[in-house]
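Let's take a walk through this model together. Have a look at the fold before reading on.

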Amino acid sequence: NIDITSTTDKLWPVWMDNSTGIYQLWTVPIDFSSLDRIPGYVNSDVRLLQNSPNPFQGKTILSFTLDEPGFASLKVFSLSGSEVAIPVQKHFPSGTHEVEVKVSQAGIYIYSLEAGGRKFSRKMVSLP
């Protein structure tokens with residue numbers, strides 16, 4: 001290997017070879033989903049997507065994906081850490097799920113998903 005790069009879903013190792021007397025450059029895409037149990041890499045089976053619309057007025061949609069059925073807890077916090085809303089706390093089938101959230105005051109909020117033994121957070125902005 002002389003280099004390595006990646007995209008959102010693939011790893012691209014790059015190497016050179018001159019065994020034929022001509023330098024050749026080689027690469028092969030490796031799909032992240034095929035990787036398992038590599039130290040430092042966690043094969044994500046839970047994804048928290050950016051809310052839509054963002055920024056928003058009054059209400060927005062929070063989306064998340066579960067590759068396996070399981071319990072999920074989605075919470076919304078103010079920047080001071082106060083819990084503003086708990087839109088869902090229940091068992092979900094695998095797939096992508098959408099939840100509508102209403103926020104009464106303008107400001108910046110953090111929404112957090114706990115599922116599959118992991119926690120994910122994102123920011124969202126509510127306009128007056």
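Which residues of the largest nonpolar core touch the most other members? Keep in mind that we're looking at a predicted model. The core has 21 residues, and F64, L74, V76, L113 and M124 are the ones touching the most other members. Seven strands are worth tracing here, since β5 (46–48), β6 (59–66), β7 (70–78), β8 (83–92), β9 (95–102), β10 (107–115) and β11 (118–126) each put at least two residues into this core. The largest share, four residues, belongs to β10.

Now zoom in on L74. Skipping its neighbours within four places in sequence, L74 is in contact with L48, L62, F64, A85, I86, P87, V88, V99, Y111, S112 and L113.

F64, one of those partners, is also half of the one aromatic pair in the structure. Its ring meets that of F92 edge-to-face, with 5.1 Å centre to centre and 90° between the planes. F64 sits in strand β6 and F92 in strand β8, so the pair ties together parts that lie 28 residues apart in sequence. Buried means under 20% relative accessible area, so F64 counts as buried at 0%, and F92 counts as buried at 6%.

Zooming back out, the chain has zero helices and 11 strands. Of its 128 residues, 28% are buried. Among contacts with a separation of 6 or more, 44% are between residues 24 or more positions apart. As for the surface, the chain exposes about 8400 Å², with carbon and sulfur atoms supplying 54% of it.

Technical notes:
Residues numbered from 1 in each chain as written. Predicted model: local features only at pLDDT ≥ 70, side-chain atom pairs only at ≥ 80, totals over all residues. Heavy atoms only, no water. Core = buried A, V, L, I, M, F, W, Y, C linked by side-chain atoms within 4.5 Å. Buried < 20%, exposed > 50% of the residue type's maximum accessible area, 1.4 Å probe, protein only. Contact = heavy atoms within 4.5 Å. Phe/Tyr/Trp six-rings, centres within 6.5 Å; stacked < 30°, edge-to-face > 60°. Areas by Shrake-Rupley, 256 points an atom, 1.4 Å probe, with all protein chains shown as cover.
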